Amino acid sequence: MATGELGDLGGYYFRFLPQKTFQSLSSKEITSRLRQWSMLGRIKAQAFGFDQTFQSYRKDDFVMVLLVEDSEKYEIFSQPDREEFLFCLFKHLCLGGALCQYEDVISPYLETTKLIYKDLVSVRKNPQTKKIQITSSVFKVSAYDSAGMCYPSAKNHEQTFSYFIVDPIRRHLHVLYHCYGVGDMS
């Protein structure tokens with residue numbers, strides 16, 4: 001669908017927001033980590049505004065279940081935890097790209113996950129309870145044509161992903177995607 005055109009059944013009009021930057025992806029420390037993990041230049045975040053009220057759907061319908069590992073430590077995280085965007089983001093960063101140089105400690109993964117997550121997901125304070133609540137909805141997205149999967153890549157891989165993070169209050173859409181392969185090494 002071209003920008004500004006509605007599909008046959010109607011839909012949302014999205015406009016690219018080039019002025020929105022994601023500081024977490026361009027900081028020197030994160031850039032260095034993404035280079036080490038072979039994801040630099042292959043992981044991107046984009047922002048879009050949209051024109052209608054967003055109706056949230058159950059996220060369980062859109063988040064793919066992670067592969068079951070034959071590990072005695074697998075049970076540390078419950079299945080609902082594994083379906084959370086925060087966990088998926090953490091997992092993607094830990095697995096990295098084709099030439100990933102794994103960290104000896106977990107803290108760089110945790111710090112990077114936290115910074116990117118906070119950059120992408122919107123929150124607000126509930127006026128009645130005063131508790132912070134997430135207002136964004138996150139969807140793992142892929143598209144198919146007659147030849148099979150075509151977005152985010154024609155090659156299916158656990159580390160090829162696209163997440164649409166919808167902020168219904170600001171009417172923004174953030175897109176985080178990565179295509180598995182060798183990232184920028186320079």
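Which residue, with a positive phi near 60°, follows α2? That would be S38. Keep in mind as we go that this is a predicted model. S38 sits in the loop that runs between α2 and β2. Its relative accessibility is 0%, and under 20% is what buried means here, so S38 counts as buried. Setting aside residues up to four places away in sequence, S38 touches G97, A98, L99 and C100, and also G181, V182 and G183. There's a distance to look at here too: the C-alpha atoms of S38 and L95 are 9.7 Å from each other, with their positions 57 residues apart along the chain.

Now step back into α2 itself, which spans 28-36. Its buried residues are I30, T31, R33 and L34. Look down the helix axis and these residues fall within an arc of 165°, so they line one face of α2. The general background is helical geometry: with 3.6 residues a turn, residues three or four places apart point the same way. As for what covers those buried residues, the list includes α1 (23-26), β2, α4 and α5.

L34 leads straight to the largest nonpolar core, which has 27 residues. Along with F85, L120, I165 and L176, L34 touches the most other members of that core. Five elements give two or more residues each: α2, β2 (43-50), α4 (85-95), α5 (107-120) and β8 (161-167). The top contributor is α4, with 6 residues. None of this is exotic, since nonpolar side chains tend to be buried together in soluble globular proteins.

I165 is a handy place to stand inside this core. Leaving out neighbours within four places in sequence, I165 contacts F85, L120 and V121, then S136, S137 and V138, and finally H172, L173, H174 and L176. There's also another core, lying apart from the largest one, with 6 residues that include F48, F50, L173 and V175.

One of the contacts of I165 is H174, so let's go there next. H174 belongs to strand β9. Is H174 buried or exposed? At 6% relative accessibility, H174 counts as buried. The H174 side chain reaches the backbone oxygen of L120 at 3.0 Å. Not counting residues up to four places away in sequence, H174 also touches K20, F22, Q46, A47, D119, Y163 and F164, among others.

The loops have a few backbone details to check. Just ahead of β9 (172-178), in the loop that follows β8, comes R171. R171 isn't a glycine, yet its phi is positive, about 60°. With a relative accessibility of 32%, R171 counts as partly exposed. K130 is another non-glycine residue with a positive phi, this one near 65°. You'll find K130 in the loop between β3 (123-125) and β4 (132-134), and at 54% relative accessibility K130 counts as exposed.

Which two residues does a cis peptide bond join? They are Y151 and P152, with omega at about 10°. P152 has its place in the loop between β7 (148-151) and β8, and β8 is one of the elements giving two or more residues to the largest core.

Key
Residues numbered from 1 in each chain as written. Predicted model: local features only at pLDDT ≥ 70, side-chain atom pairs only at ≥ 80, totals over all residues. Heavy atoms only, no water. Core = buried A, V, L, I, M, F, W, Y, C linked by side-chain atoms within 4.5 Å. Buried < 20%, exposed > 50% of the residue type's maximum accessible area, 1.4 Å probe, protein only. Helix = DSSP H or I, 4+ residues; strand = E, 2+ residues; numbered from the N terminus. Contact = heavy atoms within 4.5 Å. Arc of directions from axis to C-beta. Polar contact = N/O pair within 3.5 Å; in protein donor to acceptor, adjacent residues only side chain to side chain.
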